Amino acid sequence: MKQLSLLLICLCSLQSLAKKDPEITLKEIDLFNKSVKIKIPSEFKTLSDAKIKQTYAGLPTIKLVYANEDETVRIAFGTDDLLADDRALPAMTSMMKKWLQGRLAKNKWKGEGVTQVRGNNFGYLEYILKKPEKYYEYMFFVLYRGQMLSCSIHSPKKGYKFWRGIGEQMMASLVLKEKE
């Protein structure tokens, strides 16, 4: 009986030490002159323009970035002029993957494709960036008013499945004003 009690105490202790995913509450924000609404983690803060330019040098399409307190998880929003419609999304997704593969040859691809959420068609890509550190990237994009609106979630590889889920929730929360 003592052994059973000791075993139960040990199991309870180990279970309490097990790391759980953080509790994240999402809040709704407006983007791009209030023409887009999306939910993001409520505790994330906006990065300064200088920090965005430093972190996303060479990516002028990135307009706004939110990050957690230690900036290990970032959510970047961007726009790019693109006269295309939803029929082009599969080709665009494939082209973006090829472009990224050329720039970041050692990525481990986790998925890509086109999906429909709440009446909007999205292209998406996800991969593990292996160097300089292992990071997870989940990117989705939608065509809207002659532009490609994009969102990219950058997080440490450890725990990436949690952040994939947050990205999917964000994609599902996106509202394009003219489509309301």
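**View 1. The largest cavity in this predicted model holds about 80 Å³ of space.** A search through the whole structure turns up 1 cavity of 30 Å³ or more. If you want to find its walls, look for the 13 residues that line it; Phe77, Leu149, Ser150, Cys151 and Leu174 are the ones nearest its centre. Strand 2 (36–41), strand 8 and strand 9 are the elements that each give two or more residues to this lining. Sorted by class, the lining has 12 nonpolar residues and 1 polar residue, with no charged residues.

**View 2. Strand 2 pairs with strand 1 and with strand 10.** Let's begin with strand 1 (residues 26–31), which is joined to strand 2 by 6 bridges in the antiparallel sense. Aspartate 30 has lysine 37 of strand 2 as its bridge partner. The two strands, 1 and 2, make a hairpin with 4 residues between them, and phenylalanine 32, in the turn, has a positive phi of about 50°. Strand 10 (residues 175–176) also pairs with strand 2 in the antiparallel sense, here over 2 bridges. In that pairing, valine 175 of strand 10 is found opposite lysine 37.

**View 3. An open sheet is built from 7 strands with antiparallel pairing.** Follow the strands across and you will read the order 3-4-5-9-8-7-6. Which strands stand at the edges? They are strand 3 (45–46) and strand 6 (108–117); each has a single partner strand, so one side of each is left without a neighbour in the sheet. Strands of a sheet pair through backbone hydrogen bonds, in either a parallel or an antiparallel way. Strand 6 runs antiparallel to strand 7 (residues 120–129), and 9 bridges join them. Valine 117 and asparagine 120 in strand 7 are opposite each other.

**View 4. Helix 3 and helix 4 both meet strands of the sheet.** Helix 3 (residues 89–103) packs on the sheet and touches strand 6, strand 7, strand 8 (135–144) and strand 9 (147–156). The direction of helix 3 makes about 15° with that of strand 7. Helix 4 (residues 160–173) lies across strand 5 (74–81) as well as strands 6, 7, 8 and 9. Compared with strand 8, helix 4 runs at about 10°.

**View 5. Asparagine 121 sits in strand 7 and makes side-chain polar contacts with aspartate 86 and glutamine 116.** Zoom in on the side chain of asparagine 121 to see both partners. The contact with the side chain of aspartate 86 is 2.9 Å, and that with the side chain of glutamine 116 is 3.3 Å. Leaving aside residues up to four places away in sequence, asparagine 121 touches Asp86, Leu89, Thr115, Gln116, Phe141 and Val142.

**View 6. The largest pocket has a volume of about 880 Å³.** Its lining is made of 30 residues, and those nearest its centre are Leu59, Trp99, Leu100, Arg103 and Met139. Two or more lining residues come from each of strand 5, helix 3, strand 7, strand 8 and strand 9. Which element gives the largest share of this lining? Helix 3 does, with 6 residues. As for the chemistry you would meet along the walls of the largest pocket, 18 lining residues are nonpolar, 7 are polar and 5 are charged.

Key: Residues numbered from 1 in each chain as written. Predicted model: local features only at pLDDT ≥ 70, side-chain atom pairs only at ≥ 80, totals over all residues. Heavy atoms only, no water. Pairing = 2+ DSSP bridges. Contact = heavy atoms within 4.5 Å. Axes fitted to C-alpha atoms, helices over the stretch in contact; angles between N-to-C directions. 1 Å grid on protein atoms, 1.4 Å probe; cavity = no way out; pocket = protein on both sides within 12 Å on 5 of 7 lines; lining within 4 Å. Points joined across faces, edges and corners; volume = space filled by probe spheres on them. Nonpolar A, V, L, I, M, F, W, Y, C, P; charged D, E, K, R; others polar. Polar contact = N/O pair within 3.5 Å; in protein donor to acceptor, adjacent residues only side chain to side chain.
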